[in-house]
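I opened the notebook to record what I looked up, one topic at a time. The entries go from the whole chain down to single residues and pairs.

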Amino acid sequence: MTELRFLTAGESHGKALVALLEGIPAGMPLTEDYIARDLRRRQGGYGRSKRQQLEQDRAEILGGVRHGLTLGGPVAMMIENKVWEDWQEVMQVGPYEGKPKKVTRLRPGHADLAGTMKYGFDDARNVLERASARETAARVAVGAVCRRFLGEFGIEVHSHTVSIGDICAQTDAANDWIEVEGSPVRCADTEAGERMVRAIDAARDAGDTLGGVFEMVATGVPIGLGSHVMWDRKLDGQLAQGVMSIHAVKGVEIGGGFAVAAGPGSEAHDVILPPEQWEGRPWRRASNRAGGLEGGMTNGEPVVVRGALKPISTLSNPLPSVDLHTAEEIQAHYERSDVCTVPAAGVIGEAMVAFVLARAILEKFGGDSLGETMRNFEGYQATIGPRGG
Ligand code: EPS
């Protein structure tokens, strides 16, 4: 049995990023235009660097799709780095004759120090190129394919900005996804969004950066994805790993998260309603503090996952640091950087949530063709309901 899995490759200023997604069943409609939508969304958001004006990310499908339908083999995708033109010498694959210019000014908050020690490099570029959040473009392409798959089962994955710096949105405004997509900071609360934009401007003027919190919401998720029987099959753990693996994420919450820990049990759980209040879907709840997950399994309510992003560690007003070769005090390396990437992080979070949910669907329902997966899904859905005993 092979589970849904993906790999990415490529450096930030190399020729291209590539992604390989294996395990999507045959017969699923897929186009490059569909994937392009999410790649465009990731590139947006107020506070991004000039690099985003240089790139126009588009994933070319190299394999796994024929005549608009998946074939059941790996879906291979390539996203070109437009900046490659100017970086061909620095990033050339073949042996380099000259003396390469090395990055030795270690940047606090980056992978530079640990990565050079671990891999035995004397040039931090060998680390930073792969550690760069540019890699998330490839993840978003993978996530778009997973989103297409989830759509067949009526599952939608959205995201929105909860906070930037110390400015917080009203989270219950999160159901207005049209408002979110129209907001420069992907925030449903217009007034808070305007203040977030001003805060990003102020941070840029001060040579500083801002982090924040982004939230993913998946609706239409069936009861029973994941499992309570073993630690690595618990879906909340898998979602946390997926979101935590996004660059610069330092915290993950599910549902009520850390706030639930502060209150009593009587205010921490979701009352199961009687059938008169189910409104067409079985086993409805009075609230969703669990974020749609109990016992490591989905419970039929929306899956709600939040990520906390630290402020970008590349500062135009660099932090004090030391040199990799001499350990002398210097200022950290600076070329250009984003001021705030919280809006983009939501789109990347959607990709990770979509991947984990798609993997869970395939684990539970299997299927080599979409039709087979669907038959298994529908057969199971028909069993969900009061046991009648
Ligand atoms: C990044 C540094 C910047 C960001 C990059 C992530 O790249 P550059 O040094 O080329 O300006 O723009 O993000 C992207 C390129 C992207 O597409 O998201 C880093 O150090 O993580």
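The entries below cover the overall fold, one helix, the salt bridges and a few single residues.

**Entry 1, the whole chain.** I note at the outset that this is a predicted model. I looked up the secondary structure, and the protein has twelve helices and 15 strands. Its radius of gyration is 22 Å, close to the 21 Å that the globule rule gives for 389 residues, so the protein is as compact as a globular protein of that length. I also took the extent of the C-alpha trace along its principal axes, which is about 75 × 50 × 40 Å. Of the 389 residues, 48% count as buried, and the protein exposes about 19,000 Å², of which carbon and sulfur atoms supply 53%. I then asked how contacts are spread along the sequence: among those between residues at least 6 apart, 71% join residues at least 24 apart.

**Entry 2, helix α1.** I turned to helix α1, which runs over residues 32-43 and so has twelve residues by the numbering of DSSP runs. From its first C-alpha to its last the helix reaches 17 Å, close to the 16 Å expected at 1.5 Å a residue. Which residues of α1 are buried? I found I35, A36, D38, L39, R41, R42 and Q43. I next looked for what covers these buried residues, and the cover includes the helices α2 (51-54), α6 (136-151), α7 (177-182) and α11 (342-365), together with β3 (59-63) and β6 (75-80). After α1 comes G45, and I recorded that its phi is positive, near 100°.

**Entry 3, a salt bridge from α1.** Since charged residues appear in the buried list of α1, including D38 and R41, I searched the whole structure for salt bridges and found 30. In one of them D38 pairs with R147, the closest N and O atoms being 2.9 Å apart. D38 lies in helix α1 and R147 in helix α6, so the pair ties together parts that are 109 residues apart in sequence. Are these two residues buried or exposed? Both D38 and R147 are buried. I followed the links further, and D38 and R147 belong to a network of salt bridges that also holds R37, R41, E181, R186 and E350.

**Entry 4, a salt bridge within one helix.** I compared this with a pair inside helix α8 (residues 190-205), where R204 and D201 lie three residues apart, about one turn of the helix. An α-helix has 3.6 residues a turn, so residues three or four places apart point the same way. R204 and D201 form a salt bridge, with 3.2 Å between the closest N and O atoms. I checked their accessibility as well: R204 is partly exposed at a relative accessible area of 37%, and D201 counts as partly exposed at 25%.

**Entry 5, R285 and its partners.** I looked up R285 and found that its side chain meets that of E294 in a salt bridge, at 2.7 Å from N to O. R285 is buried, because its relative accessible area of 13% is under the 20% limit, whereas E294 is partly exposed at 31%. From R285 I moved to I272, which is 13 residues away in sequence and 4.7 Å away in space, C-alpha to C-alpha. I272 lies in the loop between α10 (257-262) and β11 (293-294). Leaving aside residues up to four places away in sequence, I272 touches W283, R284 and R285. Even with these contacts, I272 is exposed, with a relative accessible area of 52%.

**Entry 6, a buried serine.** I placed S163 in strand β7 (residues 156-164). S163 is buried, with a relative accessible area of 7%. I listed what S163 touches, not counting residues up to four places away in sequence, and the list is C168, M196, G211, G212, V213 and V342.

**Entry 7, a nonpolar patch.** Last, I asked where nonpolar side chains gather on the surface, and found a patch formed by V229, M230 and W231, with about 370 Å² of accessible area together. V229 is found in the loop between β9 (212-219) and α9 (235-244), and V229 is partly exposed, with a relative accessible area of 48%.

Definitions and conventions
Residues numbered from 1 in each chain as written. Predicted model: local features only at pLDDT ≥ 70, side-chain atom pairs only at ≥ 80, totals over all residues. Heavy atoms only, no water. Expected span 1.5 Å × (residues − 1). Buried < 20%, exposed > 50% of the residue type's maximum accessible area, 1.4 Å probe, protein only. Contact = heavy atoms within 4.5 Å. Patch = residues over 30% accessible without salt bridge, like charges linked within 9 Å, V, L, I, M, F, W, Y side chains within 5 Å. Areas by Shrake-Rupley, 256 points an atom, 1.4 Å probe, with all protein chains shown as cover. Rg over C-alpha atoms; globule rule 2.2 N^0.38 Å.
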